[in-house]
Amino acid sequence: MRRYVFRRFIVAVPSLLIASLIVFTLPRLIPGDVVQLMFEEKSYAKDIEEMRAKLGLDRPIAVQYVEWLGRVVRGDLGESLWTRQSVVDELGRRLPVTALLGFEALAVAILIGVPIGIIAAVRQDGPLDFVARSAAILGLSIPAFVMAIVIILLPAIWWGWSPVSTFVRFSDDPAAYARQFALPATILGIASAAAIMRLTRGMLLEVLRQDYVRTAWAKGLRERTVVLKHSLKNAVIPVVTVLGLQVAQIAGGAVIVETIFGIPGMGQFLVEAILQRDYPVIQGINLLIVMIIVATNLAVDLTYALLDPRIRY
Amino acid sequence: MNSGVPDAVLTRRDLLKAVGVVTIAVTGPQLRSRPAEAQTPKRGGTLRTSVISDPVTGFDPHQTISFVTMVPLSFAYSRLVKVKAGPDVKPMTYPLEPDLAESWSRTDETTYVFKLRKGVRWHPKPPVNGRELTSDDVKYTYERFLSVKNNGNRPVLESVERIEAPDKYTVKFVLKEPNAWFLDNLASTSTWIIAKECVEKFGDLKKAESVVGTGPWMLERWEPNVRLHYVRNPNYFVPGLPYADAVDVLIDKDPSSRLAAFLAGKLDFAPEYQHVIRRLDLAVAKQRRPNLQTAEYAWFTSFSTGLKIDKPPFNDVRVRRALSRAVSLAEIHESNAFSQGQYVLNPAVPAASAEWSIPIDQLGPEGRKLYEFSTADARRLLTEAGHPNGFKTEVEAPGTGYGPDFLDAVQVTVKNWKAAGIDADLKLKEYGAFISSTIYGKFDHMFLGLRGAWTDPEAYFYRVYMPGQPLNVMNVNDPKLTEMIKLQRRTFDVPKRKQIIYDIQRYLAEQAYFGTNSSTKVVSAWEPHIKNYMPNNGFDYGGRMMAAWIDK
């Protein structure tokens, strides 16, 4: 196991290097002289030469990349051109916000998706299954931003009540800080919950038809034991894979939900950075996202072994 | 020289006031607010308002012209003179009153002397730490204003030749030429007096920490994408003001969540620009917030069409007329959530400048026709101009920043043009890029944007049509027009100046130097517990909210 983990880390290194090269190169491939544009639009420097120097563009590209990578390894992602703050500090302020939102959304997705998927599978073609499947289709069909607007606006119109309030900082009120994510996380998690529910149902139905499950029934085991102890573990392995993919989906959805709910997380920051042509920040966020995706995939692979003892690395 | 306001200025102001009152009484806004009650103002509380964007352009008033910067600055800074605010000032009128200046005089046609209030102190914040404001600060501010590269508002004060500070409380402006609008220019919401120490410490004024002014509130905290929080300036130079202890400005880009916050009583003022509520939402707002106070008036804001007028096909007046005749302003406003069909027609000076905007029926015959929508006539004009099959072109517009209603209007315009044979390929740009490049002439054929930042009427023709002006992006160089613009600037007699400005507007319409446009008749709304408040056009939220108090 340890060897496997070590091997996976080693494999992750080239992935990260390739990703860093893409993250570094992409802004330089945008048509037109981006530096000229940034200078004219944003007045980030006194003159165009200072602008180039600020971005480190006054040296050969290979040198630039090696220097940039060296700084990244030392934890220095440069300075935001817009806010003039260290990119690491900026991300450090926003990452916990988005991470908590994403974590709560994932929790919502699991807590809704897995139990309902199990019930729908166990009560296949019954009324509960029908309702669950219909709800899942609805959850998958309605985009998060539509759901967010409806949930925000309708109570305000009907009852003069709005769930949205100004963002509370952790230092001001830790409980309110955590609470304020509940609604956006639910909205963000619902689409993922629908996907997880459908997959859990499908996989569980397949497992429930296996011989060893039939044997368990024949032994007279209780339904709970057959389903939760003997069937579910085998059924959820693909679900875990999908959960990994949901991380990326939730990260994408967070961009919109954060804007609607006024949550100052990474999603909003990325949008602002793109609009502001703040390339150090764009590079920093993209690199961070790549690292999170790589780490998530690693975590998913390791979870397989925990769920299924037959899987050995 | 006298120590008070000179007669010439008073006369003009008095006359404007009288004209304004008559105009408003006849055709002006219909105020729905309850009459000011004779109550003793209460101190304390927090005024809760919202803006639709972060100050993405930073906090330096000399490096942007954008409202997203100027509105937040209006709470914290002062200027020499300002547009008066309060319940006795009707929207669409812009009377001036002293701000940091105690008095002023015009000693000759090109010299203004201002006496500053004594004992005005900067916010008690580093690096200025509450020291006294002096004439050197004013001199430093306006010298920087005129010297910072990329200051889009430079034309506001470009008539200034030099600024002198003969003593601690006196500032003398010597102009290059007579400028009858100089006081109005100084009342612009770009002329905030800044502190030298902040520029020296921070390099420029883009950072929130550099917001140190002499205004009624101090910027205590900027949480990007969340809020701007201001607290009372204990040193504010007007005794007793501001009434509110604090101002909380919610930054919310989403119109639905802004509206929900207002309906839920989490904001004291309606959630759109200038505390406007969309007419689409007005009924539900009145139902949810009983006794809501409202005022109806015309926005300055309207479409701004940029054309490369020195190049074909736009160098042909018939093509320019066709562009206007092809657009149905009624269709634009019918589908607009703000106006729901309620709008006013704008000549070159928007109708929201009630004293200076010429009534459409007083334009010349060709000018009046511009406002008559006719696809057939537009096609005929194009045929006469040698484009029987129309032509293809490109139009740039900001894809962000002005909201969905603006984009709807752009789509209707492009559709109308296409029906007349003008096939304009729409290129959407990010707001920041648009505001800092396209509107300064970096476009190939046409652009559609918004205008309406200026409360002085001269800006609408001087800055747009005078040769050499950064915003003369159409490269208009028309000697007749230039002469008229110069003449009105030299004319201190208000009725005479008004006639010249009417002539300018007639000429601009005849030459179709601008796309016909219109402004929404908007409704501003605020909670019944907010007293002593009246909305108006312009970025000066802070100035208008300063005298408001909370009756709770």
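Two residues are in contact here if their C-beta atoms, placed from the backbone, lie within 7 Å. With that in mind, select chain A of this predicted model: among its contacts with a separation of 6 or more, residues 24 or more positions apart account for 71%. While chain A is selected, note that its secondary structure comes to 13 helices and zero strands, that its C-alpha trace spans about 80 × 60 × 40 Å along the principal axes, and that 35% of its 313 residues count as buried.

Next, move to chain B and select residues 101–108, which are strand β4, and residues 160–167, which are strand β6; these are the edge strands of a sheet, and each pairs on one side only. The sheet itself is open and has four strands in the order β4-β5-β7-β6, with antiparallel pairing, and the twist from one strand to the next averages 20°.

To walk across this sheet, begin at β4(B) and add residues 111–116 of chain B, the strand β5, which is joined to β4(B) by six bridges and runs antiparallel to it. A place to zoom in is B:Ala101, which stands opposite B:Leu116 of β5(B).

Then add residues 170–175 of chain B, which are β7. Five bridges connect β5(B) with β7(B), again in antiparallel fashion, and here B:Thr111 has B:Val174 of β7(B) as its bridge partner. On the other side of β7(B), the pairing with β6(B) is antiparallel and also extends over five bridges, with B:Ile163 partnered by B:Phe173 in β7(B). If you follow the chain between β6(B) and β7(B), you will find that the two form a hairpin with two residues between them.

Now show residues 135–147 of chain B, helix α3, which packs on the sheet and touches β5, β6 and β7 of chain B, its direction making about 165° with that of β6(B).

For the last stop, select residues 255–263 of chain B, helix α6. How many of its nine residues are buried? Eight of the nine are, and the helix is accordingly described as mostly covered; the buried residues include B:Arg258, B:Leu259 and B:Phe262. To see what covers them, display α7 (144–159) and α11 (223–261) of chain A together with β1 (46–51), β10 (246–251) and α7 (279–288) of chain B, which are included in that cover. Finally, step past the end of α6(B) to B:Gly265, which follows the helix and has a positive phi, near 80°.

Terms used
Residues are numbered from 1 along each chain as its sequence is written. Chains are lettered from A and ligands numbered from 1 in the order in which they are written. This is a predicted model: local features need pLDDT of at least 70, side-chain atom pairs count only at pLDDT 80 or more; totals for chains, interfaces and linings use all residues. Two strands pair if DSSP finds at least two bridges between them. Axes are lines fitted to C-alpha atoms, for helices over the stretch in contact, and angles run from 0 to 180 degrees between N-to-C directions. A residue is buried if 20 or more other C-beta atoms lie within 10 Å of its own, exposed if 12 or fewer, and partly exposed in between; C-beta atoms are placed from the backbone.
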